Amino acid sequence: QVQLVESGGGLVQTGGSLRLSCAASGTIFSINTMGWYRQAPGKQRELVAVISSGGTTNYADSIKGRFAISRDNDKNTVSLQMNSLKPEDTAVYYCNADVRLSSLHNWRAFWGQGTQVTVSS
């Protein structure tokens, strides 16, 4: 149906930068919100940043001013530029998209497989 493929994770030192990208493919009629969530070991998955199809963004307080989300509606992609990374940003980052498979379908949430981001102190 719909696949979300993430890329761009890795190991970086404190203060460094990484850029995550996610591409949605498959049977896609329309995509509403796209975003990034993260899950650290022993913690619940939490919202990092989301962006609507019209470009409205919402960020977690912990990353405001350091991360920036963007999307390309024509390519069905969403990206997360992460600057001034801290050890507490270490987590598996998941791409998320609310997708309609056709005009007859309801919105449905899809998830990527996750990409590891590790920030060393």
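This passage describes selected strands, salt bridges, ring contacts and loop residues of one predicted protein model.

Because the model is predicted, local features were considered only at pLDDT of at least 70 and side-chain atom pairs only at pLDDT 80 or more, whereas totals for chains, interfaces and linings use all residues. Residues are numbered from 1 along each chain as its sequence is written, and side-chain values rest on heavy atoms, with hydrogens and water left out.

The strands come first. Strands are DSSP runs of E with at least two residues, numbered from the N terminus, and two of them are said to pair if DSSP finds at least two bridges between them. One open sheet consists of four strands in the order β1-β3-β8-β7, with antiparallel pairing. Its edge strands are β1 (2-7) and β7, each of which pairs on one side only. Neighbouring strands of this sheet are turned against each other by 15 degrees on average, direction ignored; here the axes are lines fitted to C-alpha atoms, for helices over the stretch in contact, and angles run from 0 to 180 degrees between N-to-C directions. The antiparallel pairing of β7 and β8 extends over six bridges, and F67 has M82 in β8 as its bridge partner.

Salt bridges were then examined, the term denoting a side-chain nitrogen of Lys or Arg within 4 Å of a carboxyl oxygen of Asp or Glu. A search of the whole structure finds four of them. In one of these, D89 is joined to R38, with the closest N and O atoms 3.0 Å apart. This pair links distant parts of the chain, since D89 belongs to the loop between β8 (77-82) and β9 while R38 belongs to strand β4 (residues 30-39), 51 residues apart. D89 also takes part in a salt bridge with R66, where the closest N and O atoms are 2.8 Å apart. Here too distant parts of the chain are linked, with R66 in the loop between β6 (57-59) and β7 (67-72) and D89 in the loop between β8 and β9, 23 residues apart. Salt bridges that share partners join R38, E46, R66 and D89 into one network.

Accessibility adds to this picture, with buried meaning under 20% relative accessible area, exposed over 50% and partly exposed in between (1.4 Å probe, protein chains only). Both D89 and R38 are buried, and R66 is buried as well. A further salt bridge connects K64 with D61, the closest N and O atoms being 3.1 Å apart. In that pair, K64 counts as partly exposed because its relative accessibility is 49%, while D61, with a relative accessible area of 64%, is exposed.

The search for aromatic pairs covers rings of Phe, Tyr and Trp (its six-membered ring) whose centres lie within 6.5 Å, planes under 30 degrees apart counting as stacked, over 60 as edge-to-face and the rest as tilted. One aromatic pair is found in the whole structure. The rings of Y37 and W111 have their centres 5.1 Å apart and their planes at 65 degrees, so the pair is edge-to-face. Because Y37 lies in strand β4 and W111 in strand β10 (residues 108-111), the pair ties together parts that are 74 residues apart in sequence. W111 is partly exposed, with a relative accessible area of 37%.

Both ring residues also touch N96, which, not counting residues up to four places away in sequence, is in contact (heavy atoms within 4.5 Å) with L4, T33, M34, G35, Y37, A109, F110 and W111. N96 is placed in strand β9 (residues 91-100), and it counts as buried because its relative accessible area is 6%. The side chain of N96 reaches the backbone oxygen of F110 at 3.5 Å.

Three loop residues complete the description. S52 lies in the loop between β5 (46-51) and β6 and, leaving aside its neighbours within four places in sequence, is in contact with N32, T33 and R71. The C-alpha atoms of S52 and R71, which are 19 residues apart along the chain, are separated by 8.9 Å. Most residues other than glycine have a negative phi. N76, in the loop between β7 and β8, nevertheless has a positive phi of about 55 degrees although it is not a glycine. S84, found in the loop between β8 and β9, likewise has a positive phi, of about 50 degrees, without being a glycine. At 42% relative accessibility, S84 counts as partly exposed.

Key
A polar contact is a pair of N or O atoms within 3.5 Å; within protein, one must be able to donate a hydrogen and the other to accept it, and residues adjacent in sequence count only if both atoms are side-chain atoms.
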